[in-house]
Amino acid sequence: MAMIDEPLYPIAVLIDELKNEDIQLRLNSIRRLSTIARALGEERTRKELIPFLSENNDDDDEVLLAMAEELGVFIPYVGGVQCANVLLPPLETLCTVEETCVREKAVESLCRIGAQMMEQDLVESFIPLVKRLAAGEWFTARVSSCGLFRIAYPSAPEALKTELRAIYSQLCQDDMPMVRRSAATNLGNFAATIEAPHLKVDIMSMFDDLTQDDQDSVRLLAVEGCAALGKLLEPQDCAAHILPVIVNFSQDKSWRVRYMVANQLYEVCEAVGPEPTRLDLVPAYVCLLRDNEAEVRIAAAGKVTKFCRILNPELAIQHILPCVKELSTDSSQHVRSALASVIMGMAPVLGKDATIEQLLPIFLSLLKDEFPDVRLNIISKLDQVNQVIGIDLLSQSLLPAIVELAEDRHWRVRLAIIEYIPLLASQLGVGFFDDKLGALCMQWLKDKVYSIRDAAANNVKRLAEEFGPDWAMQHIVPQVLDMINNPHYLHRMTILHSISLLAPVMGSDITCSKLLPVVINASKDRVPNMKFNVAKVLQSLIPIVDQSVVEKKIRPCLVELSEDPDVDVRFFASQALESSNQVMMS
Amino acid sequence: MNGGDEVAAAPAGPPQSLDWKFSQVFGERTAGEEVQEVDIISAIEFDKTGDHLATGDRGGRVVLFERTDTKDHGVPRRDLERMEYPIGRHPEFRYKTEFQSHEPEFDYLKSLEIEEKINKIRWCQTANGALFLLSTNDKTIKFWKVQEKKVKKISDMNLDPSKAVGNGSIASSSTPKLCLANGGSPDRSYNYLGNDFSFPPGGLPSLRLPVVTSQETNLVARCRRVYAHAHDYHINSVSNNSDGETFISADDLRINLWNLEISNQSFNIVDVKPANMEDLTEVITSAEFHPTHCNTLAYSSSKGSIRVIDLRQSALCDSHAKLFEEPEAPGSRSFFTEIIASISDIKFARDGRYILSRDYMTLKLWDINMDSGPVATFQVHEYLRPKLCDLYENDSIFDKFECCLSGDGLRVATGSYSNLFRVFGCAPGSTEATTLEASKNPMRRQVQTPSRPSRSLSSITRVVRRGAENPGVDANGNAFDFTTKLLHLAWHPTENSIACAAANSLYMYYA
């Protein structure tokens, strides 16, 4: 048995654990592969470690995944770029395993290495690797090969380029749908490396194959690539080749294909230019907005603003707006919700007049929607409409909507509206807020649900930040401090929490004069939880207030708490005392 | 390659009846041996090539068999076919491996016991020589990978392995703790290495990599994914899609669509649960994807109808594209009509044109292009019709018999009681209707049954039905045995070979 010098023990263990029974230890070793490589030196890494890893291909997926990742950054450890090709064999085997995430990582690492390799090495070792994988017996290898063409192609000599294109075309017609899906997914990034003349001929014919595939899942991915492919082509070629396909797809039998089109359409518009958009794509989009399948309408509705931004306002008003009106009363709440989340963005696109005339009624009807998500989505984008028409026109309808959401029986809805209160406050202004919303904010501090009370405390702080300490002194602080006498200790705790949040915003003076006495008072509470929270809050106040105040008020209180019968109270009190000592020292 | 193909190629006349012979039995019972409940086979499935066969049992185990006659002869298959090989050449299987797929569980929220019984097995696409299959019990579907793995035998360690073995698996990591001045966990020692230790440029020659010496392999089954918590009711079917990435699982009221790689979410595509459970009149009994059209699936119901749905039409397929049901014959209604109409299993033929369904009394073959009625109906055990009352009382009437089609689509088969199963020819003009017994002498039954004149039942039947056979008395004059039922069977995808389960025994026949 080899005897290892003591300083080498850790590295020796690391190496041995590459083959340990315990997967966690193997993973650990693989994660430190670079250390092992450095210990072995470049030459032995090339000659021993890499071949060793190549054989290690029936390990657990987690280990293989880690190995695929480590090998991607391994060039420095094998002797630099000129030796990069020794890394290809282990990654090639990893490209053939059954687990998708391992293969994807191996492809990613291969691409990363290939991008750094010298042209000659690419031709001599990388391209043959791609060809081997593309001709692999199992579909797993062929699936992986599709992602490597974009690296292999640019440095290939002319004859080889022709061959690579032919191989890719074969992959697009593979027997296994998995391979065709991979070919469809990678078509866009492969096409980006191909010269314009071949693009129009070879790539377009592959694209045609994929768009006519029997399997919906392949066609779906072909649609997804449409926009990327379209951007590579000249606008007129795009209009000639991509446009008919996408218009066809927008009427596909399969709702999932139409759903994809609805998601992609605005990007295709950008690629083809305004005229074909007006003639062909606007009608297609209108059809999608009126699709039978709710999922398609959801996707289409969600893109309505992006689509309108590409069009000129007249087209949008003439064609899209009528559909938007219909969608605002759609039978599916999810469609209305998707619409509500983007419709506010249409205001800047349409301009003030059209917004007031046409959009405002839609906003108002969505604000009265029976489904809380719809209302929330409108409220969350309020700032966008404010820029165009001002909030006044909306405010009358806004208030009932907010109040209703604030009292919704689902706490998640209440939580969502609380999060928007600072936004609303800034949009609506102090006056409106004082009249209508102030009471609501106080009410949330007494909510049954902890998350709401917690969010309400945060909200109080954010309001103080928004409107300043003077306003807060008048409108928030007294009300909050009043509640410290609430009979329920959990509510008293919420107030303590609010105080600790408010203190930094309010500044030293107000904290000392108003907040601190309340906290000190609370240290006499009969509930231990209150007392140790007092200790925590006091600790948080130490950096805010004056040194003398710490000495005179905070420390005596903490000293008292540190002799409390309750162990937790003593713990937090002594912790706070310790931190006050540290502050004094520094 | 087999009789069916040859006859199909010849335009004249229907194919002839097959002469079935016993091939193999696994887990045969010796006389008087009692069958253990957990050993009873509950699922049988051939893979796509027919080179593998899987069975599941009530004890939650999955047993795999592999074909030996194609692989192990040493002579390439093509040569074999050219040779005048004995006629006896037929699929032969041997035990490959087995694993525990499901364990009994308890749902604490609902106070429900979840049985480990395997309800269905489906083979998935093989990759890299590893086998993949889905197995399901009432609630949870699992994705299994069965693969040869190298048996690790490591030598040439840097540290003394005997010490490591003595201290268990974590020993090797505890060793450096003793040696490092600053002690601490192994992680810290690595960090110390990474940050402070500088290696000589040529590396450290005394370090060596472990060497794997053993070349032995063994089969390992590993559960790759668990698809759980998606079914409120009992799962009755799983079925793979032809796209190779999705599958469905069906319970009494819902069908869910999964991606094989994603186990934490599924999409509900069919939901027949009424708003008020008191309005429930019909449940889903079986579901299967079309063999080649990725967007088509069929499901059967307890009311005897088959619905074909098109996944392209909408996200939630509440409305069917096609409905197949046989109108009730006027006047023939009885208390049992609805119960026996319930379809226990459906199967697509390999080309996807036909659907075979099994209800309690019959097998029906449907043309997917003709929804007015079945193209053929086969009586499985018509002699039981007068006994429906007894069958109801001992609950046998709720037995769920499976059915299968031959790879060429010319024959269909299904099980019955007394360990019998029946094979019918469904090519036009065929009169083939064979009864076989799951025993070493499958034809015993047919040879010895004299045809009796008492065929009064045929007068009730509306359409011309074939296969009505002698009433329920076997050759020895014993009454038919309702406890020995042959529920599960599968037809080899390319050859005329049937695997069927009689309690805990797996019988294989060929023709």
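**Chat notes on chains A and B**

Colleague: B:Ala503: what is its relative accessible area?

Modeller: B:Ala503 has a relative accessible area of 23%, so B:Ala503 is partly exposed. Keep in mind that this is a predicted model.

Colleague: Where does B:Ala503 lie in chain B?

Modeller: In the loop that runs between β31 (497-502) and β32 (505-510) of chain B. Its phi is positive, near 55°, and the residue is not a glycine.

Colleague: And B:Ser111, what is its phi?

Modeller: About 50°, so again a positive value in a residue that is not a glycine.

Colleague: Is B:Ser111 buried or exposed, and why?

Modeller: B:Ser111 counts as exposed because its relative accessibility is 55%, and the cut-off for exposed is over 50%. B:Ser111 sits in a loop of chain B, with β6 (105-107) on one side and β7 (112-114) on the other.

Colleague: Next, B:Cys124. Buried or exposed?

Modeller: Buried, at a relative accessible area of 12%. B:Cys124 is in the loop between β8 (120-123) and β9 (131-136) of chain B.

Colleague: Which residues does B:Cys124 touch?

Modeller: Leaving out residues up to four places away in sequence, B:Cys124 touches B:Phe132, B:Leu133, B:Leu134, B:Phe143, B:Asn240 and B:Leu260.

Colleague: How many Å apart in space are B:Cys124 and B:Ala376?

Modeller: The C-alpha to C-alpha distance is 31 Å, with their positions 252 residues apart in sequence.

Colleague: Switching to chain A. How many helices and strands?

Modeller: Chain A has 33 helices and 0 strands.

Colleague: What radius of gyration does chain A have?

Modeller: Chain A has 33 Å, whereas a compact globule of 586 residues would have a value near 25 Å. Along the principal axes, the C-alpha atoms fill a box of roughly 85 × 85 × 35 Å.

Colleague: What share of chain A do buried residues make up?

Modeller: Buried residues are 59% of the 586 in chain A. The chain exposes about 24,100 Å², and 50% of that area comes from carbon and sulfur atoms.

Colleague: How about contacts in chain A, what percentage join residues at least 24 apart?

Modeller: 67%, counted among contacts between residues at least 6 apart in sequence.

Colleague: Charges in chain A: how many positive and negative side chains?

Modeller: There are 56 positive and 80 negative side chains, and the centres of the two sets are 5 Å apart.

Colleague: Which residues touch the most other members in the largest nonpolar core?

Modeller: That core has 250 residues, and those touching the most other members are A:Leu49, A:Phe126, A:Tyr168, A:Ile320, A:Ile343, A:Trp444 and A:Leu538. Helix α26 (residues 411-444) of chain A gives the most to this core, 14 residues. There is also a second, separate core of 17 residues, including B:Val423, B:Met443, B:Ile498 and B:Tyr509.

Colleague: Back to A:Leu49. What does it touch?

Modeller: Not counting residues up to four places away in sequence, A:Leu49 touches A:Leu18, A:Leu33, A:Ile36, A:Ala37, A:Leu40, A:Arg44 and A:Phe74, and from chain B it touches B:Leu209.

Colleague: Last one, A:Pro504. Where does it lie?

Modeller: In helix α29 (residues 489-506) of chain A. A:Pro504 counts as exposed, at 53% relative accessibility. C-alpha to C-alpha, A:Pro504 and A:Pro154 are 59 Å apart in space, and they are 350 residues apart in sequence.

Definitions and conventions: Residues numbered from 1 in each chain as written. Chains lettered and ligands numbered in written order. Predicted model: local features only at pLDDT ≥ 70, side-chain atom pairs only at ≥ 80, totals over all residues. Heavy atoms only, no water. Helix = DSSP H or I, 4+ residues; strand = E, 2+ residues; numbered from the N terminus. Rg over C-alpha atoms; globule rule 2.2 N^0.38 Å. Buried < 20%, exposed > 50% of the residue type's maximum accessible area, 1.4 Å probe, protein only. Contact = heavy atoms within 4.5 Å. Areas by Shrake-Rupley, 256 points an atom, 1.4 Å probe, with all protein chains shown as cover. Lys, Arg positive; Asp, Glu negative; His and termini not counted. Charge placed at Lys NZ, Arg CZ, Asp CG, Glu CD. Core = buried A, V, L, I, M, F, W, Y, C linked by side-chain atoms within 4.5 Å.
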